[in-house]
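The following account leads the reader through the packing of helices, the burial of selected residues and the salt bridges of one protein chain. Please keep the sequence and the model in view while reading.

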Amino acid sequence: MSYYSSAEEIYKYLGGVFRAANGTEVGPKLKAADIDLQVYYTDPAAAMTVRLREPAIEVFDGADNADADVKLYMPADIGNKFWRGEYNLGVGLAKGQVKAKGPVNKILKLVPLTKPLFPIYRDLVSEKDASA
């Protein structure tokens, strides 16, 4: 069974960690990437556009940006594991568990910057974990 039961949960938690990044020391580094990231999740289906640009990181729930710089495709459970610090995105791309379109090197450069956000994500999902 999938960790998430609805697209709304994906937007709340997986989108929420990007929104929370604005208020962290990592925020300016992520905004400096100056890219639009489109993420497509399955199980359950959801899509979001994440604008990593000045002046703020923006997340558009349910959005489909055909012109996004990088597009990622993955099961929502992989997104959950990644943000918990339990999944290596580079290995997932190499194994084909995560698919990407666009300059993947831009995303891979950002991955190490996300590590300080893992505790924020775990805090976001702690109530959901407790009720499971």
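The paragraphs below treat the helices, then a residue of a strand, and then the charged pairs. The structure is a predicted model, and side-chain atom pairs count in it only at pLDDT 80 or more.

A convenient place to begin is helix α3, which spans residues 76-83. Six of its eight residues are buried, so α3 is largely enclosed by the rest of the structure. The buried positions are Ala76, Ile78, Gly79, Asn80, Phe82 and Trp83. Their cover includes the helices α1, α4 and α6 together with the strands β1 and β4, the latter comprising residues 70-75. After α3 comes Gly85, which has a positive phi near 85°.

One element of that cover, helix α1, comprises residues 7-21 and packs against α3 at an angle of about 40°, the two axes lying 11 Å apart. An angle under 35 degrees would count as roughly parallel; the two helices are therefore classed as oblique to each other. Their crossing is left-handed. On the α1 side the contact involves Ile10, Leu14, Val17 and Phe18, and on the α3 side Ala76, Gly79, Asn80 and Trp83. By class, six of these residues are nonpolar and two are polar, while none is charged. Four residues on the α3 side, namely Ala76, Gly79, Asn80 and Trp83, also appear in the list of buried positions of that helix.

Helix α1 has a further packing partner in α6. Here the angle is about 155° and the axes are 9 Å apart. Since angles over 145 degrees count as roughly antiparallel, α1 is roughly antiparallel to α6. The crossing of α1 and α6 is right-handed. From α1, the residues Glu9, Tyr13, Leu14, Gly16, Val17 and Ala20 take part, and from α6 the residues Ile120, Tyr121, Leu124, Val125 and Lys128. This contact contains eight nonpolar residues, one polar residue and two charged residues. Leu14 and Val17 take part in the contact with α6 and also in the contact with α3.

The view now turns to strand β1, where Leu37 is located. Is Leu37 buried or exposed? With a relative accessible area of 5%, Leu37 is buried. Leaving aside residues up to four places away in sequence, Leu37 touches Phe18, Met48, Thr49, Val50, Ala68, Val70, Leu72 and Ile107. Among these neighbours, Phe18 is also one of the α1 residues that meet α3. The C-alpha atoms of Leu37 and Gly102 are 9.7 Å apart, although 65 residues separate the two along the chain.

Charged pairs form the remaining topic. The structure contains seven salt bridges. One of them joins the side chains of Asp36 and Arg51, with an N to O distance of 3.1 Å. Asp36 belongs to strand β1 (residues 35-42) and Arg51 to strand β2 (residues 46-52), so this pair ties together parts that lie 15 residues apart in sequence. Asp36 has a relative accessibility of 10% and therefore counts as buried, whereas Arg51, at 29%, counts as partly exposed.

Asp36 also forms a salt bridge with Arg53, in which the closest N and O atoms are 2.8 Å apart. Arg53 lies in the loop between β2 and β3, and the pair links parts of the chain 17 residues apart. At 18% relative accessibility, Arg53 counts as buried. These pairs belong to a network of salt bridges that links Asp34, Asp36, Arg51, Arg53 and Asp69.

Another salt bridge returns the reader to the helices. The side chains of Arg84 and Asp129 meet with an N to O distance of 2.8 Å. Arg84 is in the loop between α3 and α4, and Asp129 is in helix α6 (residues 118-131), so that the pair links distant parts of the chain, 45 residues apart. Arg84, with a relative accessibility of 15%, counts as buried, whereas Asp129 is partly exposed at 31%. Helix α6 thus carries Asp129 of this salt bridge, contributes residues to the contact with α1, and helps to cover the buried residues of α3.

Key:
Residues are numbered from 1 along each chain as its sequence is written. This is a predicted model: local features need pLDDT of at least 70, side-chain atom pairs count only at pLDDT 80 or more; totals for chains, interfaces and linings use all residues. Side-chain values use heavy atoms; hydrogens and water are left out. Axes are lines fitted to C-alpha atoms, for helices over the stretch in contact, and angles run from 0 to 180 degrees between N-to-C directions. Angles under 35 degrees count as roughly parallel, over 145 as roughly antiparallel, 65 to 115 as roughly perpendicular and the rest as oblique. A crossing is left-handed if the near helix is turned anticlockwise from the far one by less than a right angle, and right-handed if clockwise. Contact means heavy atoms within 4.5 Å. Ala, Val, Leu, Ile, Met, Phe, Trp, Tyr, Cys and Pro count as nonpolar, Asp, Glu, Lys and Arg as charged, and the others, Gly among them, as polar. A salt bridge is a side-chain nitrogen of Lys or Arg within 4 Å of a carboxyl oxygen of Asp or Glu. Buried means under 20% relative accessible area, exposed over 50%, partly exposed in between (1.4 Å probe, protein chains only).
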